[in-house]
Amino acid sequence: MSGQPSLPSAQRQAGLIVGTFALVGAALGGVGFVAGDWARTQFVTGATGSEPATFGPVFLALSVFQITVTLFLTGPILATVLGLLSGSRFVDWSAAAGVTAGGALVGFFAMAGFGLLGVSLLSGPGTEQVYALRDAVGPLLLSGVATTVAGGGAGALGSQFVR
């Protein structure tokens, strides 16, 4: 042992980023399903009043849309935090940016996949107005680009503060 800190493994750092994104995606997918199913139960199947058949499905569709937007917004925030933390382990800013951008890219799509899977499991009365998953492809790709750029930029910044 020379007493010098070992250099970080790019593969391990990228794996940490991807794994964290996947865990967050699974949690968001689970919470999204529970929240969506709760909204469906409260405002579709348990609704009363003059227009429950109109209000409930629209409310559920808006709830699922909000869950999806939250999922997409979480990507750049998580990429920035993880990029700063993982990037600070590298001396070379370009290596830090490459590892954190790559991890954020793969991680975002893992997170989005798990999150959208949870939302896609919603079914039953009132789910007819929920968007089709194919309609989310464009925003998903744009969010993936923003997440990748945020992760890479934060990794490069983090490398300037190597410990």
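**Figure 1. Ring pairs link F72, F108 and F109 into a cluster.** The model shown is predicted, so local features are taken from residues with pLDDT of at least 70 and side-chain atom pairs only at pLDDT 80 or more, while totals for chains, interfaces and linings use all residues. Residues are numbered from 1 along each chain as its sequence is written, and side-chain values use heavy atoms, with hydrogens and water left out. The structure holds two aromatic pairs (rings of Phe, Tyr and Trp, the last by its six-membered ring, with centres within 6.5 Å; planes under 30 degrees apart are stacked, over 60 edge-to-face, the rest tilted). F72 and F108 make a tilted pair, with 6.4 Å from centre to centre and 50 degrees between the planes. This pair links distant parts of the chain, since F72 belongs to helix α2 and F108 to helix α3, 36 residues apart (helices, H or I of at least four residues, and strands, E of at least two, are DSSP runs numbered from the N terminus). F72 is buried at a relative accessible area of 10% (buried is under 20%, exposed over 50%, partly exposed in between, with a 1.4 Å probe and protein chains only). F108, at 0% relative accessibility, likewise counts as buried. F108 also pairs with F109, in an edge-to-face arrangement with 5.4 Å between the centres and 75 degrees between the planes. In this second pair F109 is partly exposed, with a relative accessible area of 31%.

**Figure 2. D37 and R40 form a salt bridge within helix α1.** The structure holds one salt bridge (a side-chain nitrogen of Lys or Arg within 4 Å of a carboxyl oxygen of Asp or Glu). The closest N and O atoms of D37 and R40 are 3.0 Å apart. Because the two residues are three positions apart in helix α1, they are separated by about one helical turn. D37 counts as partly exposed at 25% relative accessibility, whereas R40 is buried, with a relative accessible area of 13%.

**Figure 3. A97 of helix α3 is in contact with residues far along the chain, among them G152, G155 and A156.** These contacts (heavy atoms within 4.5 Å) leave aside the neighbours of A97 within four places in sequence. The C-alpha atoms of A97 and G151 are separated by 7.4 Å, although the two residues are 54 residues apart along the chain. A97 itself is buried, with a relative accessible area of 15%.

**Figure 4. A146 in helix α4 and P76 have C-alpha atoms that are separated by 6.4 Å.** The two residues are 70 residues apart along the chain. Helix α4 spans residues 137-158, and A146 within this helix is partly exposed, with a relative accessible area of 38%.

**Figure 5. F33, V34, F114, L117 and L121 form a nonpolar patch on the surface.** Together these five side chains' residues have about 460 Å² of accessible area. Two elements, α1 (10-45) and α3 (93-120), each give two or more residues to the nonpolar patch. Patches are made of residues with over 30% relative accessible area and no salt bridge, with like charges joined within 9 Å and nonpolar side chains (Val, Leu, Ile, Met, Phe, Trp, Tyr) within 5 Å. One of the patch residues, L117, lies in helix α3 and counts as partly exposed at 45% relative accessibility. The accessible surface of the whole chain comes to about 9,000 Å² (Shrake-Rupley method, 1.4 Å probe; for residues, only the protein chains shown count as cover). Of that surface, 70% belongs to carbon and sulfur atoms.

**Figure 6. The chain as a whole, from which the views above are taken, has four helices and zero strands.** From the N terminus on, its elements run α-α-α-α. Of the 163 residues in the chain, 40% are buried. Among contacts between residues at least 6 apart in sequence, 89% join residues at least 24 apart. The average pLDDT of the chain (the predictor's confidence in each residue, from 0 to 100) is 87, and 90% of the residues score at least 70. Confidence is lowest in helix α2 (residues 52-87), at a mean of 89, and highest in α4, at 96. Where pLDDT is low, the predicted coordinates should not be read in detail.
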